[in-house]
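Visitor: Please take a close look at a single part of this model and tell me what surrounds it.

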Amino acid sequence: MKIFFLFTFSTFFWSPFEQAAASVHYDKILTHSRIRARDQGQNVCALQQVMGTKKKYFSTCRNWYQGAICGKKATVLYECCPGYMKMDGMRGCPAVAPIDHVYGTLGIVGATSTQHYSDISKLRGELEGRGSFTFFAPSSEAWEQLNSEIHRNLIDNVNIELYSALHHHMVNKRMLTKDLKNGMTLVSMYNDQKLLINHYPNGVVTVNCARVIYGNQIATNGVVHVIDRVLTAVGNTIQDFIEVEDDLSSLRAAAITSDVLDILGKPGHYTLFAPTNEAFERLPRGLLERIMGDKVASEALVKFHILNTLQCSEAITGGAAYETLEGNTVEVGCDGESLTVNGVKMVKRKDIVTSNGVIHLIDEVLIPDSAKQVTELGGAQQTTFTDLMIQLGLASSLRPEGQYTLLVPLNGAFSDDTLRMDQRRLKTILQNHIINVKVGLNELYNGQELETIGGKLLRVFLYRTAVCIENSCMVRGSKEGRNGFIHILRQIINPAEKTLHEMLRNDKRFSVFLSLVKAADLDDVLSQPGKWTLFVPTNDAFKGLTDDDKDILIRDKNALRNILLYHLTQGVFIGSGFEPGVTNILKTIQGGKLYLKTVNDTLLINELKSRESDLMATNGVIHVIDKLLYPADLPVGNDQLLTILKKLIKYIQIKFVRGSAFKEIPLTFYKINIIESNVQPIIRKEEPIIKTYTKIIDGRPVEVTEKKVTEERIIQGPEIKYTRITAGGSDNEEKLKKLLEDEVTKVTKFIEGDGHLLEDEEIKRLLQGAGTEYTKVTKVIEGEPQIIEREIKKVHLEEAPVRKEQPTRRTQGGTARRRTRLAYP
């Protein structure tokens with residue numbers, strides 16, 4: 001009857017608690033352990049035990065599927081879940097564990113050493129009596145691991161020291177794991193000492209950094225949680241510990257200098273990775289002196305060692321990133337019994353618990369990027385650049401108080417040929433990677449220009465998944481230091497020096513393509529300012545093209561322009577700026593589409609490999625190909641042209657539709673750039689005009705010879721602005737006209753159906769009347785109406801009687817006069 005009562009009572013008593021705990025991390029992990037062991041029978045849990053140790057865990061999914069904890073292989077154990085027990089001859093754990101008072105429960109959960117010490121310290125009576133207690137009971141192994149001197153002192157004075165120590169493990173109310181909230185502080189039954197509770201997402205529950213290894217064993221007068229170490233009294237604050245610990249005097253000095261020490265004396269839940277004096281002595285002397293002499297840097301240094309969360313070592317079963325008070329993160333992990341920081345075993349002593357956090361002593365100083373000079377930010381993959389900076393004297397030229405941005409290529413970007421260059425040339429190359437201002441990644445935008453310390457302007461190109469500086473695109477790893485940013489690039493930057501046209505002209509590989517460009521009157525497109533991507537076939541693409549074939553192509557200018565402009569697209573597209581493996585569709589000036597993608601760092605254009613990519617020009621970029629491109633959907637209607645194209649293009653089937661014609665592509669796709677220019681006031685003097693006419697004097701006809709002198713000038717001499725028509729992308733002629741008529745109030749020169757670059761001298765000639773060769777001239781002077789003065793002087797040179805009668809006509813007198821007209825904008 002008694003057994004039945006205990007079984008019924010414990011089942012009734014446990015179930016509500018089990019249900020209520022379903023939403024807590026510990027209990028969620030426990031539920032997963034049940035699921036993993038469901039094939040083993042009822043109420044069985046699966047645990048992982050670290051090989052070579054007695055440490056067992058109810059595991060997270062991550063640890064379970066890795067088969068490891070803290071990088072060490074773990075074996076799987078199946079045990080009865082807390083609160084259940086086996087029965088002879090039955091599978092699983094079908095029985096509920098007996099319920100007893102706290103003292104008896106210590107024996108049920110195997111905490112026999114704690115039970116024994118409770119007995120000899122006269123605590124047993126309290127544990128068997130009335131009340132509602134929580135006992136955080138050290139396991140028998142925990143007592144064995146306790147410092148021998150402390151252990152001996154407790155045993156030697158069982159009535160006071162041992163009794164007090166056990167009371168320190170007790171709380172005067174029942175607290176299940178669901179009640180143990182992260183960051184909670186409980187008051188123990190010994191002198192109201194604090195017990196710091198942490199409940200982590202991975203299901204680990206700690207009390208003063210001791211891990212609960214077997215929780216929620218219900219007793220008639222409370223609950224027992226078995227923990228993996230004996231609790232010691234919590235000291236004062238982290239600040240108090242630093243101030244009295246001799247091995248932390250260097251850290252203490254740095255914390256005082258940076259005004260951070262006081263923070264560690266305030267209430268909170270901090271984790272301090274405290275470098276020892278030996279760790280500070282390992283730092284280069286100059287580096288330490290510079291950081292300590294800079295309050296901002298020293299503050300960043302100290303704060304980089306502090307987390308605003310309490311991380312006990314037992315809660316860390318795998319690597320995770322934690323934010324520091326400095327603002328950046330550190331990676332805290334474990335390797336067997338050792339804690340690691342940023343992947344390095346550096347923790348000498350762990351879990352020094354204080355009233356406002358925990359301290360782990362480390363033997364290395366963690367230096368955040370924010371305390372480093374920009375030249376110190378480079379990692380293992382950027383050592384070639386940083387070493388060259390030092391060798392060539394550039395590193396020392398960057399002032400600590402300056403502001404810089406370093407564009408650092410990876411080590412693999414520096415070929416042997418580059419490293420063998422003359423040092424002056426190599427220095428120039430490096431100068432092209434140093435910007436005079438501090439520019440972060442989120443401050444870069446498409447079209448931005450960055451000036452280097454060598455005076456070069458570098459263009460920024462922003463794509464969907466990439467940021468490129470000229471020909472080189474960034475990889476992950478941008479960092480901000482004390483005096484600048486560092487951005488990591490794939491390639492050495494090659495600033496543009498020449499236009500697209502100049503690059504074609506200077507490279508014999510492109511002579512055939514360039515001759516066709518000239519024949520199609522497209523020279524200006526590739527010469528003027530703009531933003532273009534040009535896919536250039538080498539001469540190999542034109543093998544088999546005879547002079548007669550070339551003449552046929554040139555005679556059909558529409559066809560030639562269609563073919564050539566299919567190789568040109570508006571915008572600058574760097575090969576490594578494309579997302580790898582994804583097809584990118586570009587619309588060409590011809591109107592057709594190009595399909596680009598990168599595969600294994602090779603650019604493919606319509607599935608054709610680019611032989612050389614990212615040749616930068618001042619007005620665009622060139623990608624070299626060895627085949628002529630042609631739009632697959634564009635039919636040919638001429639037999640001769642079809643024959644020629646079939647010679648050159650064998651990778652696609654060219655459509656033939658007899659009689660079809662290529663569309664005309666006017667050169668109005670040029671962009672209208674408004675460029676201001678000052679024009680001095682113009683004075684125009686016309687050549688004297690001598691003419692003879694007849695006038696009636698005293699009733700008689702007289703022949704008069706007269707000289708007319710005309711002078712015209714702009715009185716106010718305004719600043720005159722004009723429009724240059726240069727390369728770019730206006731859709732059609734009508735749009736261009738509208739822009740000229742409605743939006744541009746300038747002195748303008750425009751040729752119907754074509755564009756022309758208007759130079760300063762031509763503007764003057766235009767104002768002086770030399771514009772007859774142009775189809776249309778729009779002449780507007782910006783601003784208020786300007787008075788143009790025109791003086792006409794007439795001088796009588798000779799008068800003679802007319803011998804023969806002439807028809808009379810009325811003329812104006814010969815007096816000098818002023819005639820004024822207004823020119824409106």
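Guide: What follows deals with the nonpolar core and then with one arginine. This is a predicted model, in which local features need pLDDT of at least 70 and side-chain atom pairs count only at pLDDT 80 or more, while totals for chains, interfaces and linings use all residues. Residues are numbered from 1 along each chain as its sequence is written, and side-chain values use heavy atoms, with hydrogens and water left out.

A nonpolar core here is a set of buried Ala, Val, Leu, Ile, Met, Phe, Trp, Tyr and Cys residues joined through side-chain atoms within 4.5 Å. Buried means under 20% relative accessible area, with a 1.4 Å probe and protein chains only. The largest such core has 48 residues, and L504, F542, I622 and Y630 touch the most other members. Helix α20 (residues 511-519) gives this core its largest share, six residues; helices are DSSP runs of H or I, at least four residues, numbered from the N terminus. Beyond its neighbours within four places in sequence, L504 is in contact (heavy atoms within 4.5 Å) with F510, F513, L514, L526, L534, V536 and I622. Another core, of 29 residues, lies apart from it and includes A274 and V365.

The arginine is R561, in helix α23 (residues 557-565). R561 is buried but has no salt bridge, and D521, the nearest side chain of opposite charge, is 4.1 Å away. A salt bridge needs a side-chain nitrogen of Lys or Arg within 4 Å of a carboxyl oxygen of Asp or Glu; Lys and Arg count as positive, Asp and Glu as negative, and His and the chain ends are not counted. Not counting residues up to four places away in sequence, R561 touches A520, D521, L522, I665 and L667.

Notes. Helix = DSSP H or I, 4+ residues; strand = E, 2+ residues; numbered from the N terminus. Buried < 20%, exposed > 50% of the residue type's maximum accessible area, 1.4 Å probe, protein only.
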